[in-house]
Amino acid sequence: MAIDPEKERFLREFGEDYGYPNAPKNIDELRATEFKRLDDVAYLDHAGATLYSESQMEAIFKDFNSNIYGNPHSQSDCSVTTSDFVDEARRQVLNFFNASPREYKCIFTSGATAGLKLVGETFPWSGQSTFMYTMENHNSVLGIREYALNKGAAAFSADVEEVADHDQPNSGKSAIKIIAHQVQRRSEPEFLKKEATGDTYNLFAFPSECNFSGLRFNLDLVNVIKEDSYKMFGTSPLHRGNWMVLIDAAKGSTTMPPDLSKYKADFVVVSFYKLFGYPTGLGALIVRNEPAKLMKKTYFSGGTVAASIADIDYFKRREGVEEYFEDGTISFLSIASLHHGFKILNALTMPAISRHVSSLATYVRNKLLDLRHANGHRVCTIYGLTDREVLCNKMGPTVSFNLKRPDGSWFGYREVEKLASLSGIQSRTGCFCNPGACAKYLGLSHSDLLSNIEAGHICWDDRDIMNGKPTGAVRVSFGYMSTFGDARKFLRFIENGFVLLPPESTHLDSFRTGAIYPVTEGVDRATARYFLKSITVYPIKSCAGFSVESWPLTRTGLLHDREWLLKSLNGEILTQKKVPDMCYITTLIDLNLGILFVESTRCEEKLQIKLTSDPSILGKEEVEIHSQRYEVQAYGDEIDNWFSNAVGRHCTLVRSSGSQSHLCPNGNKSPRICRDFATSLNFVNEAQFLLISEESVADLNNRLRTKLQNGSRGPPTEVTPMRFRPNLVMSGGEPYAEDGWRNLKIGDKYFTSLGGCNRCQMINMTSRSGEVQRSNEPLATLASYRRVKGKICFGILLRYEDNTEHDAWLHVGQEIYANMD
Ligand SMILES: *Cc1c(COP(=O)(O)O)cnc(C)c1O
């Protein structure tokens, strides 16, 4: 076996923690036999959901195929089997948290969120109550605030900090301090005048592990809040009464379930897909008996009612805590599959899992912190790191970070995510449903947050940098089956893609900033000649186009180019990215006949659509594309049915009605730019024309071949210019000469270059013998040398400038003259 010095160094440092030497299968066997589907994917989103193992699923299927599970509410034998299993599952869940069945109950819910909602809904809120939560909390916890406020309670966000311990001065010991900020109260706090009575209940909520940063809260917080609330909050009448504590353990319990025999939290929520991948849609609320008695439920239902009378206001609830809260029939098959998941965790043991994932996360964190650009500047900012033990019980197996360029500007997290997925690394980006931690760690003020929201930023959009600051982060998180190989693959990706920046990007940068394009060695650019090799028109957006020898130019580009599109019932525009079958729709326009011919292998009939005064046009309507409204013409059922059959889903064909349209390039919200472009585009993505150079494509193919020779896996990829769906293909000169062009003339027609075309996964799709195939190429290779400011550029976008002329045509074979001024 070959020696792997990097792994040896890792094992020297972390060997005691890494892997499962005492389990039936060590980590490499486990991975090779139970997770074959990971193959060469590094799955690093275990904080999002972890993965089920093969034997776990096999055992579940075998179990289901050999047992008869009836409805647990029936009285048959099969139901008795089910209720035995359910009881056993409850015991197992309590056991996982070291919670005594005498002290705690396990209520099954549809997930952690449903458990949190149940607490919010049934908590004994009053006008004297306080709901307090740490800034680091999932949206599903923050939502409890609405129940509290609606019942007149006060809501506070809290920062947990470390201070010197006043009880033991000079001891050097520290203590927990809570700094609370009032969020809101909806009704007048009359009670402040009165003495708070004994039965005021307050709730404090925190996650055992922050799903944004991986920070594990010190669980002493439970006891401090419950026993020392006076010390924490002083004599403020706001915080008097009984404090109950809720732990959101959805993330934390995957490696370190809170020990409820030591930290007697009142409520704990968990979700099972986070523990062992399957089943989804099942979680639990673990509740202490005493607070369970105080919770007030409004709804009664099958499952929760002992007796009720249909036509008078009478019902009697069931006695047991579980029966009181579980509405309807519980998800008994999912519950029956739980023990197959617990079996895996128990075989590995939770302490070993915790050590294993920590070794990987610590290794990655240390390596990331060490990364430096050539100018000595740090590459990576990691969020939530702390070594203060009073606050934090070590970091969990999550690393959240953002990356900087050598000049200190940020890489957008979307760029990192897109490139990661091309490299077979599954990560997650954004704020991870944890807006408080996100704002806190990224240093976003209330005014930053509000101005971003006002500018239209929402959780899952592409605006990763606003006003120079990241709006979220990149998160990698490890699970029990993660390996050193995963960690290394991720680190290599960061090193190669963000530290040793591709040198070519400098010339692309200079092209973007208007600097002079560097003269390519050995070529006299003055003598290079360029010719137009092909013209392609795509009448229906995202469908196949047709090539011609000559074609008329209009002020919207090539005549009839992307004048039509298909939209779904809910108004969404169909594209090949989502509906790959669109590539089987072929088009052809005969200008003399005035007809658009459309064909599909899915439809026997060919379609003919008249270009002028089509009688099948029904009327005008509006569609919205990239926040711009277009006025369009719609067709009748016959044509719509044809297209619906062709793409295999319901859709309608619409045609841009030309001059009345409000048109704006993709994503460009600036009204000024909109006006510049007004009425100069059809349904295009970014510009009127896309120009691709054969020489650039040849260079790309060389690189793809070299990569394959150097042992990269996968089938050979050879791309043709048509892969990029260009309108114009040219030949001549050096590869990427077009990057430096500002103005150009084709024949005697003038064009302006709008810069490089940003490429996406769509160029990785091919169709072979009726099958749509996806791979990582050529985008992965382009990403290695064609990245500019978060984009992967190939080809240039053009605008036709001479729009006063009538009857202007382009012809294949015309010479192209470039101007770089
Ligand atoms: C995943 C998660 C949730 C939500 O859990 P669901 O089961 O999806 O409702 C809540 N809190 C934290 C910390 C989580 O990680």
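# A walk through the model, starting at Cys433

Select Cys433 to begin: at 37% relative accessibility it counts as partly exposed, where buried means under 20% relative accessible area, exposed over 50%, and partly exposed in between (1.4 Å probe, protein chains only). Before going on, note that this is a predicted model, in which local features need pLDDT of at least 70, side-chain atom pairs count only at pLDDT 80 or more, and totals for chains, interfaces and linings use all residues. Residues are numbered from 1 along each chain as its sequence is written, and side-chain values use heavy atoms, with hydrogens and water left out.

**Stop 1: around Cys433**

Stay on Cys433 for a moment. UniProt, in an unreviewed entry, lists this residue for "active site"; such annotations may be inferred rather than shown by experiment, feature names are shortened, and positions are given in the numbering used here. Cys433 sits in the loop between strand E17 (428–430) and helix H16 (435–442). Helices (H or I, at least four residues) and strands (E, at least two) are DSSP runs, numbered from the N terminus. Now show what Cys433 touches: leaving out residues up to four places away in sequence, you get Asn137, His138 and Asn139. A contact here means heavy atoms within 4.5 Å.

**Stop 2: the ligand**

Keep His138 on screen, as this residue is also one of those around the ligand. Which other residues should you select around the ligand? Add Gly111, Ala112, Thr113, Asn211, Asp248, Ala250, Lys251, Ser271, Tyr273 and Lys274. A residue gets into this shell if one of its heavy atoms lies within 4 Å of the ligand. By class, the shell has three nonpolar, five polar and three charged residues. For that tally, Ala, Val, Leu, Ile, Met, Phe, Trp, Tyr, Cys and Pro count as nonpolar, Asp, Glu, Lys and Arg as charged, and the others, Gly among them, as polar. Color helix H5 (112–122) and helix H10 (272–276), since each of them supplies at least two residues of the shell.

Next, zoom in on the polar contacts, meaning pairs of N or O atoms within 3.5 Å; within protein, one must be able to donate a hydrogen and the other to accept it, and residues adjacent in sequence count only if both atoms are side-chain atoms. Try these three:

- Thr113: an N or O atom of its side chain is 2.4 Å from an oxygen atom of the ligand.
- Asp248: a side-chain N or O atom is 2.6 Å from a nitrogen atom of the ligand.
- Tyr273: here a side-chain N or O atom lies 2.6 Å from an oxygen atom of the ligand.

Taken alone, the ligand exposes 380 Å², and the protein buries 88% of that. Accessible areas come from the Shrake-Rupley method with a 1.4 Å probe; for residues, only the protein chains shown count as cover.

**Stop 3: Lys274**

Now pick Lys274, which lies in helix H10. The unreviewed UniProt entry lists Lys274 for "modified residue: N6-(pyridoxal phosphate)lysine". Is Lys274 buried or exposed? With a relative accessible area of 12%, Lys274 is buried. Apart from residues up to four places away in sequence, Lys274 touches Ala47, Gly48, Thr50, Ala250 and Thr254.

**Stop 4: Thr255**

From Thr254, move on to Thr255, in the loop between strand E8 (242–248) and strand E9 (267–271). Thr255 counts as buried, at 5% relative accessibility. Draw a line from its side chain to that of Arg216, and you have a polar contact of 3.1 Å. Beyond four places in sequence, the residues touched by Thr255 include Glu209, Met350, Ile353 and Pro397.

**Stop 5: Thr536**

Jump to strand E21 (residues 530–537) and click on Thr536. Thr536 is buried, with a relative accessible area of 3%. What does its side chain pair with? Select Ser547: the two side chains are joined by a polar contact of 3.1 Å. Leaving aside neighbours within four places in sequence, Thr536 is also in contact with Gly545, Phe546, Leu558, Met722, Pro726 and Asn727.

**Stop 6: helix H15**

Then highlight helix H15 (residues 413–422), which is mostly covered, with seven of its 10 residues buried. Those are Tyr413, Arg414, Glu415, Val416, Leu419, Ala420 and Leu422. After H15 comes Gly424, with a positive phi near 75°.

**Zoom out**

To finish, show the whole protein: 23 helices and 41 strands. Of its 821 residues, 52% count as buried.
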